[in-house]
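Work through the exercises below with the model open. Try each task before reading its solution.

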Amino acid sequence: MSFNLRQIEVFRAVMITGSIRGAAELLYVSQPAVSRLLSHTESRVGFPLFKRIRGRLHATPEAKKLFHEVEQVYAGVKRVNELARDLKEHQEGILNIVSSPSIGQMVIPTAMAEYRHANPQVKLTFQYLAHAPLMERLLNRQADLAVTILPVNHPNLEMEVIGMGSLVCICPYNHPLARRAKLTAKDLLPYPFISYDRDTPFGAMVASLFDASGELLRAAIEAGSPQNACALVHAGAGIALVDEFSARSWSGSKFLIRPMEEAPTLKATLVRLRLEPMSQIAQSFVEVLKGVVDKEGLGLSP
């Protein structure tokens, strides 16, 4: 036997309130109606959902397991209702954007602000996410566009490179490295170095740069992301290698940016579902985004 939506609703109400009376008040129905439907549900599923002890209801282990799944159903229903309300209130359109943290600190917000000035009637949503959740949002159609600086490889996703940057060194203004125009991995060795776990994409990239130079990487601090590394260098904790997109997002920082010899190139990639046409709203936003990337000196044009 399958639960119908009304039975799920009553079951959830009893679980939340802990009583027939509370469920009746929550659902604006009579207590006998809740009691009858709950008893009917238990008879149909073939096992008790609640134990009646001294006039109080106590959920059975089976009910607790069901409740976990029911809450996920309700979360989905809530999202559907919120989307329906948004579509009603923003009939001109809604655009959901996600990005990796590096490009999400400055480039995406700047593009969104510029786009909103010309399109105030369009609702925009934005989050920056780690690589796996970002792809999941796209594949689940919870996002329309994504921008990332890490490689993407999925048959259902289409990629377009819209900008390029390098791995750069950041150091405080008064640091000895600040006097050099370009740096090597060997130049960084004498100073406290902020790096990343080798198992992460950035950690592997930094380690490869040192390995290719024949130098041994010794990290004084391990950061979770280039943005974390920027904050640490800004605070005076050491020097770091970060992507150019992250470094440029700290325009008021207390550090300088210096290029690295043999530094790997990082590509800002626009990602979307391959088999779905891009909406007019998405197309117009992408044009604004490309313009912002170009103005920041990170575009594809020479």
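**Exercise 1.** Classify His175 as buried or exposed, then place it in the fold.

Solution. His175 has a relative accessible area of 13%. Buried means under 20% relative accessible area, exposed over 50%, partly exposed in between (1.4 Å probe, protein chains only). So His175 is buried. It sits in the loop between β6 (157-172) and α8 (185-188). Helices (H or I, at least four residues) and strands (E, at least two) are DSSP runs, numbered from the N terminus. Neighbours within four places in sequence aside, His175 contacts Tyr191 and Ile239; contact means heavy atoms within 4.5 Å.

The model is predicted: local features need pLDDT of at least 70, side-chain atom pairs count only at pLDDT 80 or more, and totals for chains, interfaces and linings use all residues. Residues are numbered from 1 along each chain as its sequence is written, and side-chain values use heavy atoms, with hydrogens and water left out.

**Exercise 2.** Which parts does the salt bridge between Glu158 and Arg272 tie together?

Solution. Take the distance: 2.9 Å, N to O. A salt bridge is a side-chain nitrogen of Lys or Arg within 4 Å of a carboxyl oxygen of Asp or Glu. Next, locate the partners. Glu158 is in strand β6 and Arg272 in strand β11, so the pair joins parts 114 residues apart in sequence. Finally, check accessibility. Glu158 is partly exposed at 27%; Arg272 is buried at 16%.

**Exercise 3.** How far apart are the closest N and O atoms of Glu42 and Arg52?

Solution. They are 3.3 Å apart, in a salt bridge. Glu42 belongs to helix α3 (residues 31-45), Arg52 to strand β1 (residues 50-53). Glu42 is buried at 12%, Arg52 partly exposed at 45%.
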